[in-house]
Amino acid sequence: MKLEARTKRAAVFLTIVMCCTLLGACSKTDTTTDKPNLEPAKNGSMTIKYVGNSCFYLTFPDGTTILTDPYPAKLEAFFGPAPDMEVDAYTVSHYHEDHTPDMKQLKGKPTTIVPAMMKEPLKVGDVEVTGFPSKHVSTLGENEIFVFRYGDLKIVHMGETDKIESPEALEAVKDADVVLTYTGEYGPQTLDNGDIFQYLYDLNVKVLIPQHFSNHPEAIFYGEPTIDQILKEVPQGIETIKLDELVVTKDMKKQFVALSQMNAK
Ligand SMILES: [Zn+2]
């Protein structure tokens, strides 16, 4: 009798578990919302999505999420909706207004990674973050080149620099799977975008993704080029594609990838 009651209870429990699983599965597929998909990378993949200006949303196979150079809401007219998602960490390449978020702009309690912290590599989840000082393109200020390593994958965010001068930084950028490359305003101190792209491809970088350009052609931020201008400067023989997100793998071809903005749909 006792055994029978236990079996019955087990059956009821199993039924509840199965219903919950099914309901969970249904609710997962029912994502009819305008919000971007902020789920961590699935199936062991690493993905890169573009927010605007120099800001990217990186997700790693262990679920770690990192934002690069989030910009504040007051610059939305230039770059689109400001990032406010919950992430594990965000990086700041330098302290100009278009590379730093407002206080409490991001949900949760993300770790802020600033240049002064980069004397040693640091870990965010299973991601190793390394920093290399470089010169900002148009001021005497400093900039940090950030390198994110996960397993054998290497992603580099250039921040607001085009010339890579230190041998350590050069070594770090070499053979990168992806470089989020500066493509900013034209000026006497900046290299032409086409020259930067060629230079990076010569360092055996596989995929270049542009950042730091005017996201709205009608709202130009400090003379920065538009994506259409940038695409004309991609070196000949390099395939150019447009994607909503890049899934980073070791099998990627040498490409120039223009990411659409994740919030601009
Ligand atoms: Zn900037």
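How many salt bridges does the structure hold? The answer is eight, and three of them are described below, after a look at the fold, the nonpolar cores and the metal site. The model discussed here is a predicted one.

The overall layout comes first. The chain contains five helices and 14 strands. Of its 265 residues, 48% count as buried. Contacts across long stretches of sequence are well represented: among contacts with a separation of 6 or more, 53% are made by residues 24 or more positions apart.

The interior can be introduced through its nonpolar cores. The largest nonpolar core has 53 residues, and the members that touch the most others are Ile48, Val129, Val178, Ile209 and Leu246. Strand S8, which covers residues 142-150, gives the most to this core, contributing five residues. Another core, of 16 residues, lies apart from it and includes Val51, Leu67, Phe79 and Met262. Val178 is a helpful place to see how the largest core is put together. Neighbours within four places in sequence aside, Val178 is in contact with Ile48, Lys154, Ile155, Val156, Val207, Ile209, Leu246, Val248 and Met252. Ile48, Ile209 and Leu246, which appear among these partners, are also named among the core members touching the most others.

Strand S10 deserves a closer look in this setting. All of its residues, five of the five, are buried, so S10 is largely enclosed by the rest of the structure. S10 pairs with S9 in the parallel sense, over three bridges. Within this pairing, His157 stands opposite Leu180 of S10.

Two single residues illustrate the contrast between inside and outside. Thr91 belongs to strand S4, made up of residues 89-91. Is Thr91 buried or exposed? Thr91 counts as buried because its relative accessible area is 0%, which falls under the 20% limit for that class. Beyond residues up to four places away in sequence, Thr91 touches Leu67, Thr68, Asp69, Pro70, Ile113, Phe146 and Phe148. One of these partners, Leu67, was met above as a member of the 16-residue core. Ala116, by contrast, sits in the loop between strand S5 (111-113) and strand S6 (122-124). Ala116 is exposed because its relative accessible area reaches 60%, and the class begins over 50%. Ala116 and Pro133 are 17 residues apart along the chain, and their C-alpha atoms are separated by 9.6 Å.

The metal site comes next. Which protein residues act as donors of the zinc ion? They are Asp98 (OD), His99 (NE2), Glu160 (OE) and His212 (NE2), at 2.1 to 2.3 Å from the ion. Their spacing in sequence follows the pattern D-H-x60-E-x51-H. Glu160 and His212 link distant parts of the chain, being 52 residues apart: Glu160 lies in the loop between strand S9 (153-157) and helix H3 (167-173), and His212 in the loop between strand S11 (207-211) and helix H5 (227-231). Both Glu160 and His212 are buried. The angles among the four donor atoms run from 81 to 172 degrees, and the site is irregular. For reference, four tetrahedral donors would ideally stand at 109.5 degrees.

Finally, back to the salt bridges. Lys250 and Asp177 meet through their side chains at 2.9 Å, N to O. This pair joins positions 73 residues apart, with Lys250 in the loop between strand S13 (246-248) and strand S14 (255-259), and Asp177 in the loop between H3 and strand S10 (178-182). Asp177 is buried, at a relative accessible area of 2%, whereas Lys250 is partly exposed at 36%.

Glu97 forms a salt bridge with Lys74, and their closest N and O atoms are 3.4 Å apart. Glu97 is in the loop between S4 and S5, while Lys74, 23 residues away, is in the loop between strand S3 (65-68) and helix H2 (76-79). Here Lys74 counts as exposed, with 60% relative accessibility, and Glu97 as partly exposed, with 35%.

In the third example, Glu128 pairs with Arg149, the closest N and O atoms being 3.8 Å apart. This salt bridge runs between two strands, with Glu128 in S7 (residues 127-135) and Arg149 in S8, 21 residues apart. Glu128 is partly exposed at 29% relative accessibility, and Arg149 is partly exposed at 26%.

Conventions
Residues numbered from 1 in each chain as written. Predicted model: local features only at pLDDT ≥ 70, side-chain atom pairs only at ≥ 80, totals over all residues. Heavy atoms only, no water. Helix = DSSP H or I, 4+ residues; strand = E, 2+ residues; numbered from the N terminus. Buried < 20%, exposed > 50% of the residue type's maximum accessible area, 1.4 Å probe, protein only. Contact = heavy atoms within 4.5 Å. Core = buried A, V, L, I, M, F, W, Y, C linked by side-chain atoms within 4.5 Å. Donors = N, O, S within 2.8 Å, 3.2 Å for Na, K, Ca; no water. Tetrahedral: all angles 85-135°; square planar, octahedral: opposite > 155°, others 65-115°. Salt bridge = Lys/Arg side-chain N within 4 Å of Asp/Glu carboxyl O. Pairing = 2+ DSSP bridges.
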